[in-house]
Amino acid sequence: MSAELYWKDKRILVTGGAGFIGAEIVRQLSHLNVKRIVVLDKLTYAADLRRLDSVKDNYSLKKVALEDSSAVQDAFQEAQPDIVIHAAAESHVDRSIDGPEDFVQSNIVGTFNLLHAALSFWTEKGKPSQFRFLHISTDEIYGSLGEAGFFDETSPYDPRSPYSASKAASDHLVKAWWHTYKLPVITTNCGNNYGPWQFPEKLIPLMVANAIDGKPLPLYGDGQQVREWIHVTDHVSALLLAIEKGSTGETYLIGSGEEKTNRSVVEGICDRLHQKHPDKKTFSDLIAYVQDRPGHDQRYALDASKFRSKTGWSPKNTFEQGLIDTVDWYVENQLWWRQIQAEKYHQERLGIF
Ligand code: NAD
């Protein structure tokens with residue numbers, strides 16, 4: 001079945017649709033012929049409705065915290081979803097070190113409430129076989145790798161930060177709702193996303209912003225931590241394929257194969273800025289090594305062969321080109337992140353214990 005046919009007339013509930021990845025989900029869905037998109041979002045500091053400007057009237061927003069069980073149930077009655085895409089979460093590791101309670105509430109209790117409401121709704125509708133609940137998770141639940149090897153879907157869970165522990169707990173709840181109740185769930189785990197509209201506390205936008213302003217580029221520890229980077233548009237195209245072609249009850253790792261040290265990412269940013277501003281002094285002189293994050297994982301890398309062979313997906317962006325485009329976007333959209341810096345994030349160091 002073609003993607004157009006699959007998505008035609010579907011009603012979709014997207015949690016966290018005002019966030020970085022959730023908004024890209026809504027943007028991509030708005031190009032498909034879906035019937036209705038309802039965004040459920042608590043509108044925390046990380047939310048920004050400007051991410052949805054290009055979607056205009058193709059979605060409706062319900063301001064709901066997933067911790068509010070009855071509001072979540074009401075949202076199902078209003079949205080009448082065929083598909084639930086669960087992207088809402090507290091998502092920043094450093095903030096989870098400073099304030100783990102929010103992560104337990106949003107990521108664990110919130111996911112429980114969503115599953116509970118989804119199961120009631122799905123049962124009330126006669127358990128339609130086409131119903132899907134996609135749970136978006138992270139590679140961080142597997143812990144840390146050494147220099148070699150990859151995580152795959154059979155790797156043991158070994159979360160090491162309050163963030164990854166709360167995501168691991170949410171994964172377990174989702175899987176339990178499949179095994180126990182046969183709720184048609186799919187879980188995906190993915191590496192570091194990057195691209196336009198990312199909240200400027202995350203590595204790439206933070207470094208671009210600091211470099212433009214001539215401020216230090218703080219690299220945690222020795223800067224040799226390795227992450228697998230994926231462009232947010234590629235991640236979201238994979239998520240939509242997981243819904244279309246994935247099997248219920250399954251977990252899929254979505255990986256780009258683009259492993260980079262934090263140091264090399266920051267150097268790539270500096271190189272691009274230098275190309276744009278050859279008159280300025282070397283941006284990489286601003287790199288400053290700072291105290292490491294407690295419990296900082298050394299390396300994540302994914303074996304995505306199960307997902308790729310199931311769906312035929314591959315990423316469209318190389319990291320090299322994707323990083324150039326992303327740096328350019330932050331250079332051209334300074335108004336957006338400067339306003340966030342002025343109003344709700346003052347580039348303070350988070351997550352030191
Ligand atoms: P984000 O922080 O940019 O956005 C999260 C959104 O969820 C925000 O709009 C926020 O208001 C909303 N939200 C938070 N708590 C909520 C609650 N209790 N109830 C309702 N809404 C709530 O996060 P993101 O980067 O877009 O990540 C989306 C999902 O993808 C998360 O589940 C995250 O764990 C997962 N993920 C992210 C990455 C990444 O690199 N960003 C990688 C892998 C997986």
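**Helix crossings and two open sheets**

The crossing of helices α7 and α9 is right-handed. This and everything that follows is read from a predicted model. Helix α7 covers residues 203–212 and helix α9 covers residues 262–276; the two pack at an angle of about 45°, and their axes lie 10 Å apart. The two helices are therefore oblique to each other. On the side of α7, the contact is made by L203, I204, M207, V208, A211 and I212, and on the side of α9 by N262, V265, V266, I269 and L273. Sorted by class, this contact of α7 with α9 holds ten nonpolar residues, one polar residue and no charged ones.

Helix α7 also meets helix α11 (residues 319–332), with axes that come within 10 Å and cross at roughly 55°. That angle makes α7 oblique to α11. Here, too, the crossing is right-handed. From α7, the residues in contact are I204, P205, V208 and I212; from α11, they are F319, L323, T326, V327, Y330 and V331. The class count for the contact of α7 with α11 is nine nonpolar, one polar and no charged residues.

A further helix pair is formed by α2 (residues 20–29) and α8 (residues 232–245), whose axes come within 9 Å and cross at roughly 65°. The crossing of α2 and α8 is right-handed. In α2, the residues F20, I21, E24, I25, Q28 and L29 take part, and they meet V232, T233, H235, V236, S237, L239 and L240 of α8. By class, the contact of α2 with α8 divides into eight nonpolar, four polar and one charged residue.

Turning to the strands, seven of them form an open sheet with parallel pairing, and a reader following the structure will find them in the order β3-β2-β1-β4-β5-β6-β10. The edges are taken by β3 (60–63) and β10 (251–254); each has a single partner strand, so one side of each is left without a neighbour in the sheet. From one strand to the next, the twist averages 20°. As a reminder, strands of a sheet pair through backbone hydrogen bonds, either parallel or antiparallel.

Within this sheet, strand β1 (residues 11–15) runs parallel to strand β2 (residues 36–41), and five bridges join them. One bridge to look for is that of I12, whose partner in β2 is I37. Two helices lie against this part of the fold. Helix α3 (residues 69–79) lies across β1, β2, β3 and β4 and runs at about 170° to β2. Helix α5 (residues 100–124) packs on the sheet as well, touching β1, β2, β4 and β5, with a direction that makes about 165° with that of β5.

Strand β5 (residues 132–138) deserves a closer look. On one side, it pairs with strand β4 (residues 83–86) in the parallel sense over four bridges, and H86 stands opposite H135 of β5. Strand β5 is also joined by six bridges to strand β6 (residues 185–190), and these two run parallel; N189 of β6 is the bridge partner of S137. How many residues of β5 are buried? Seven of its seven residues are buried, and the strand is mostly covered. In a regular strand the side chains alternate between the two faces of the sheet. In β5, R132, L134, I136 and T138 point one way, while F133, H135 and S137 point the other way, and all are buried.

One of the residues that touch β5 is S170, which is found in helix α6 (residues 162–181). Is S170 buried or exposed? Its relative accessibility is 1%, and buried means under 20%, so S170 counts as buried. Apart from its neighbours within four places in sequence, S170 is in contact with N107, T111 and H135.

There is also an open sheet of three strands, ordered β7-β9-β11, with mixed pairing. Its edges are β7 (192–194) and β11 (259–261), each with a single partner strand, so one side of each is left without a neighbour in the sheet. The twist in this sheet averages 50° from one strand to the next. Strand β7 and strand β9 (residues 226–231) run parallel and are joined by three bridges, with Y194 standing opposite H231 of β9. Helix α11 returns to the picture here: α11 lies across β7, β9 and β11, running at about 50° to β7.

Key. Residues are numbered from 1 along each chain as its sequence is written. This is a predicted model: local features need pLDDT of at least 70, side-chain atom pairs count only at pLDDT 80 or more; totals for chains, interfaces and linings use all residues. Side-chain values use heavy atoms; hydrogens and water are left out. Axes are lines fitted to C-alpha atoms, for helices over the stretch in contact, and angles run from 0 to 180 degrees between N-to-C directions. Angles under 35 degrees count as roughly parallel, over 145 as roughly antiparallel, 65 to 115 as roughly perpendicular and the rest as oblique. A crossing is left-handed if the near helix is turned anticlockwise from the far one by less than a right angle, and right-handed if clockwise. Contact means heavy atoms within 4.5 Å. Ala, Val, Leu, Ile, Met, Phe, Trp, Tyr, Cys and Pro count as nonpolar, Asp, Glu, Lys and Arg as charged, and the others, Gly among them, as polar. Buried means under 20% relative accessible area, exposed over 50%, partly exposed in between (1.4 Å probe, protein chains only). Two strands pair if DSSP finds at least two bridges between them.
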